[in-house]
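Q: Please take a close look at a single part, a packing of one helix on another, and explain how each term is defined.

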Amino acid sequence: MKKLIALLFVLIPFGIGAQEIKIAIVNQAEIFNVMPDVSTVENQLAALHEQYQKELKIMNDEYTKKFSDYMAQQDSLTENIKLRRQQDIEDLRTRIENYMTSAQQDMEKKQMELYAPIQEKIQNAIKAVGEEKGYTYIINPHPQMILYVGNSAIDATPFVKTKLGLK
């Protein structure tokens, strides 16, 4: 019995090794850049960014005005009013910083939300091409991930573009 198990462990790798492994590469960045949805998303993100910039400008203008008014009048103000205005200016500065952080987080969240369907379309097309062509693996030739791509490597990027209806 032990000899039979040992024999199986010896023969199994040969059976696995006999299978053909087909590997293809897909340049996801190239596909992503020609997707028509990307320009729509970029326009939406640019409009959102512009809205945040307008609001930030209003806040900065208010800060600048309050600060310059305070600097011009500080010698004639009582100590109590000086402290209150300094606190107002500091509160406004804190509000601006919080707004900037919040706006950045909202932009990142919106970007992920808007790009997710595009990434999903690409992934589904890659999967479909892999199944149709019988590839064992499809990899992205990212420079830090792959050390070498030979001339005989199959580039499935055109197949994925076709699957997505891109030129």
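A: The answer below follows one helix pair and then turns briefly to charge pairing. The model is predicted, with local features needing pLDDT of at least 70 and side-chain atom pairs counting only at pLDDT 80 or more, while totals for chains, interfaces and linings use all residues. Residues are numbered from 1 along each chain as its sequence is written, and side-chain values use heavy atoms, without hydrogens or water.

Two packed helices are described by the angle between their axes and the distance between the axes. Here the axes of helix α4 (residues 79-133) and helix α5 (residues 157-164) cross at roughly 115° and come within 9 Å; helices are DSSP runs of H or I, at least four residues, numbered from the N terminus, and axes are lines fitted to C-alpha atoms over the stretch in contact, with angles from 0 to 180 degrees between N-to-C directions. On the α4 side, the contact (heavy atoms within 4.5 Å) is made by K121, I122, A125, I126, A128, V129, E132 and K133, and on the α5 side by F159, V160, K163 and L164. These residues divide into eight nonpolar, no polar and four charged, where Ala, Val, Leu, Ile, Met, Phe, Trp, Tyr, Cys and Pro count as nonpolar, Asp, Glu, Lys and Arg as charged, and the others as polar.

As for charge pairing, the whole structure holds 11 salt bridges, each a side-chain nitrogen of Lys or Arg within 4 Å of a carboxyl oxygen of Asp or Glu.

Note on methods: Helices (H or I, at least four residues) and strands (E, at least two) are DSSP runs, numbered from the N terminus.
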